[in-house]
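Let's take a friendly walk through how two chains meet. Please have the viewer open as you read.

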Amino acid sequence: MKISEEAVFRWVVIVAVAAVSVIGLTLLTRPLVGAIWGAVLVCAAGWRGYRWIACKRRES
Amino acid sequence: MESATVAIGHGHAEEHHGPPEAHESSRIDRQTLGILLFIVSEVMLFGAFFAAYFFLRVVVDPPTWPPEPFELPVAVAGINTAILVSSSFTIHYALEAIRRGNHAGLKLGLVLTWMLGASFLFIQVNEYVHLGFSARDLGFGSIFYSLTGLHGAHVFVGLLLLSFATIRAFRGHFGPEAKDHLGVELPGIYWHFVDVMWIVVYVTVYIL
């Protein structure tokens, strides 16, 4: 695992794109819909992170 | 005592003296690990403020949020968000430049990042002046100024770090090797963290 500014910058772009989708959905519909979509994205990111850590543990 | 020291000195002339070498991981250097642990502690600090914000929002449960008569300048804060996000791109450009040995690009990227960060802070202070409510106005005023002020303080610290990095860049301190530009890489990681935190603050406080 290489932690560098490059890797962190990739996360900034991912978070920014996710935030744009939440903002767009909120402005088009209602804040509740945007909040639910944001929660779904956070859960998906958490699940993906958990899977990634589990995969790294199996490798080492 | 003295003779014992001399004897040890003669017997192990080539051995390492002084404190033992620090343990190091082959995966991550000490400085990067340090900034990552610091950022984890900062996430917890912001988490406490967000917990207070959501607690207030759920407990008060007003028909509209922000509660009447508060109004937030969503568009201006949106432009400010764009400014801060673009500063992440400029600091990334600065680091990419120094990785290729381009010192002029490094300086340009750092100066641009500093200017964008300073613009963000200036617009935020200007927003505070024109908001029409203070931190003493109900719970909403308190938590609004606490969250955005906490973030503003982090931007200020980030600007200080960037100032040091910029001065060092103009003195020719950095090089293309990874160990030779840690003084830009670590402020860069911190700056990205500040950027991500603002995106979360903006979406939570101004949009949702």
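How many salt bridges are there between chain B and chain A?

## Polar links across the interface

The count is one salt bridge between chain B and chain A, a salt bridge being a side-chain nitrogen of Lys or Arg within 4 Å of a carboxyl oxygen of Asp or Glu. B:Arg99 forms it with A:Glu5, and the closest N and O atoms are 3.5 Å apart.

This is a predicted model, where local features need pLDDT of at least 70, side-chain atom pairs count only at pLDDT 80 or more, and totals for chains, interfaces and linings use all residues. Residues are numbered from 1 along each chain as its sequence is written, chains are lettered from A in the order in which they are written, and side-chain values use heavy atoms, leaving out hydrogens and water.

## The contact surface

In contact (heavy atoms within 4.5 Å) are 21 residues of chain B and 19 residues of chain A. Between them the chains bury about 1700 Å², with 79% of it on carbon and sulfur atoms; this buried area is the accessible area (1.4 Å probe) lost on putting the two parts together, summed over both.

## Helix H1 of chain A

Helix H1 of chain A (a DSSP run of H or I, at least four residues, numbered from the N terminus) covers residues 5-28. Its 24 residues reach 34 Å from first C-alpha to last, close to the 34 Å expected at 1.5 Å a residue, where the expected span is 1.5 Å times one less than the number of residues.

Buried residues of H1(A) (under 20% relative accessible area, 1.4 Å probe, protein chains only) include A:Glu5, A:Val8, A:Phe9 and A:Val12. The buried residues of this helix pack against helix H2 (31-59) of chain A together with H3 and H6 of chain B.

Terms used: Helix = DSSP H or I, 4+ residues; strand = E, 2+ residues; numbered from the N terminus. Buried < 20%, exposed > 50% of the residue type's maximum accessible area, 1.4 Å probe, protein only.
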